[in-house]
Amino acid sequence: MNLSRRMFAKLLAGVSLAASGFVGLAQAADMPAPFDNPGEVKIALVRYLSTGDFFQAYLSGVERQSEALGVDLRVLDSRQDAALQADMVDQAIALGVDGIIVQHGLTESMQAAVQRAVDAGIKVVAFDVNVENPAVPQIEQSDRDLARLALEQAIADNGESWKAGYVYVPGIAPLDRRNETWVEFKERYPGIDEKAQFGTLDNPIANSNANQARSVLSANPDITVMFAPYDEFAKGVKIAVDEAGMSEQVSIYSADVSTSDIAAMREPNSAWKATAATNPAVVGEVSVRALAMMLAGENPGASVVVPPTLITQKDLLEKDIKNMEELSEKLPQFAHAPVAVPEWMPLP
């Protein structure tokens with residue numbers, strides 16, 4: 001029998017679709033309950049912070065891993081409204097979700113809300129917010145290591161004595177953990193002279209911090225190092241440094257990374273010398289995997305830590321890294337974290 005090329009293509013496509021359907025069914029059959037019927041599993045992501053490339057990438061990771069599992073994901077975004085975020089946990093409970101990821105927030109507003117979810121039999125994991133609940137695993141970027149890597153590079157570049165500006169907003173778990181490392185470094189290196197501490201999470205975060213950094217640099221023109229351990233902080237500091245014409249005098253060290261951060265670090269004479277980061281998309285994937293393990297009756301551990309990578313301006317220029325995709329390709333340790341990966345877990 002002779003088949004036209006078009007008919008053959010149609011038959012091949014049909015076989016491929018059928019095969020993929022059988023593979024999907026086989027994968028579901030191989031997974032533990034409730035993921036043997038994943039379409040019935042509902043999870044919610046309840047967000048506090050969402051402004052900036054980091055949080056967009058984190059969300060994309062949550063979405064990719066949820067899609068790989070086949071679960072129904074609901075995203076609730078409080079846009080830095082602590083009371084609304086607590087209400088959104090109650091909304092998720094009312095929706096009848098099986099699991100909740102709490103992404104950032106304030107301990108005092110989230111503690112009781114998360115306890116209500118736990119009391120309702122809902123599994124909960126928390127990323128970068130300490131809800132002070134032993135039933136809730138903490139997803140962490142190893143914030144102390146993020147700060148340590150950036151500060152070690154600051155010491156390597158500038159020696160052990162310099163005048164510093166420091167960007168910090170207390171009450172946010174990852175920033176508090178990074179602050180602990182900053183305090184330790186100042187004790188270890190008494191030549192570090194903190195001339196000013198400032199910072200805000202008011203939107204737009206980068207521009208709001210640029211306004212504060214302008215005043216700090218004007219009042220303290222002898223500052224040579226800015227430690228801004230969140231990339232939106234670092235963007236703001238860089239705006240102020242550039243406007244003051246101080247890019248050759250001041251060096252900026254940060255945490256977190258995005259494609260726009262990479263572009264800013266690669267600019268000629270950029271003051272932004274290094275950042276330490278985990279891949280936010282990978283952290284999002286790990287958050288979903290840890291929650292899925294709990295839903296399957298497995299224990300991901302009280303603390304699920306994603307290891308960070310140091311990214312220097314020199315790395316970006318020498319390896320010609322221009323975006324997050326190339327960062328993952330040319331710094332493979334950044335691309336994947338073998339964390340919370342049981343054998344049955346489908347990956348994106």
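So, salt bridges between domain 1 and domain 2: the count is one. Keep in mind as we go that this is a predicted model. The partners in that salt bridge are D128 and R177, and their closest N and O atoms sit 2.8 Å apart. If you would like to find the pair on your screens, start from D128 and look across to R177.

Let me step back to the domains themselves. The domain assignment gives domain 1 as 38-141 + 280-301, so to speak in two pieces, and domain 2 as 143-277. Taken over C-alpha atoms, the centres of the two are separated by 29 Å. Domain 1 brings 16 residues to the contact, and domain 2 brings 20 residues.

How much area do domain 1 and domain 2 bury between them? The value is about 1,300 Å², and 50% of that is on carbon and sulfur atoms. On the domain 1 side, three residues stand out: D53, D128 and Q141 supply 35% of the area that domain 1 buries against domain 2, more than any other three residues. You have already met D128, as the partner of R177 in the salt bridge.

Now for polar contacts. Between domain 1 and domain 2 there are four residue pairs of this kind, with both residues at pLDDT 80 or more. Which helix gives the most to the side of domain 1 that touches domain 2? That is helix α2, residues 53-69, with three residues. Sorted by class, that side of domain 1 has six nonpolar, seven polar and three charged residues.

Before I finish, two single residues, one buried and one exposed.

S328 is found in helix α12, which covers residues 324-330. Why do we call S328 buried? Because its relative accessible area is 19%, and the cut-off for buried is under 20%. Leaving aside residues up to four places away in sequence, S328 touches N279, F334 and A335.

P170 is our other stop, in the loop between β6 (162-167) and α6 (173-188). Is P170 buried or exposed? P170 counts as exposed, because its relative accessibility is 57% and exposed means over 50%. If you follow the chain, P170 and G199 are 29 residues apart, and their C-alpha atoms are separated by 9.3 Å.

That's my tour, thanks for listening, and I'm happy to take your questions.

How values were computed. Residues are numbered from 1 along each chain as its sequence is written. This is a predicted model: local features need pLDDT of at least 70, side-chain atom pairs count only at pLDDT 80 or more; totals for chains, interfaces and linings use all residues. Side-chain values use heavy atoms; hydrogens and water are left out. Domain bounds come from an automatic or database domain assignment. Contact means heavy atoms within 4.5 Å. Buried area is the accessible area (1.4 Å probe) that two parts lose on being put together, summed over both. A salt bridge is a side-chain nitrogen of Lys or Arg within 4 Å of a carboxyl oxygen of Asp or Glu. A polar contact is a pair of N or O atoms within 3.5 Å; within protein, one must be able to donate a hydrogen and the other to accept it, and residues adjacent in sequence count only if both atoms are side-chain atoms. Helices (H or I, at least four residues) and strands (E, at least two) are DSSP runs, numbered from the N terminus. Ala, Val, Leu, Ile, Met, Phe, Trp, Tyr, Cys and Pro count as nonpolar, Asp, Glu, Lys and Arg as charged, and the others, Gly among them, as polar. Buried means under 20% relative accessible area, exposed over 50%, partly exposed in between (1.4 Å probe, protein chains only).
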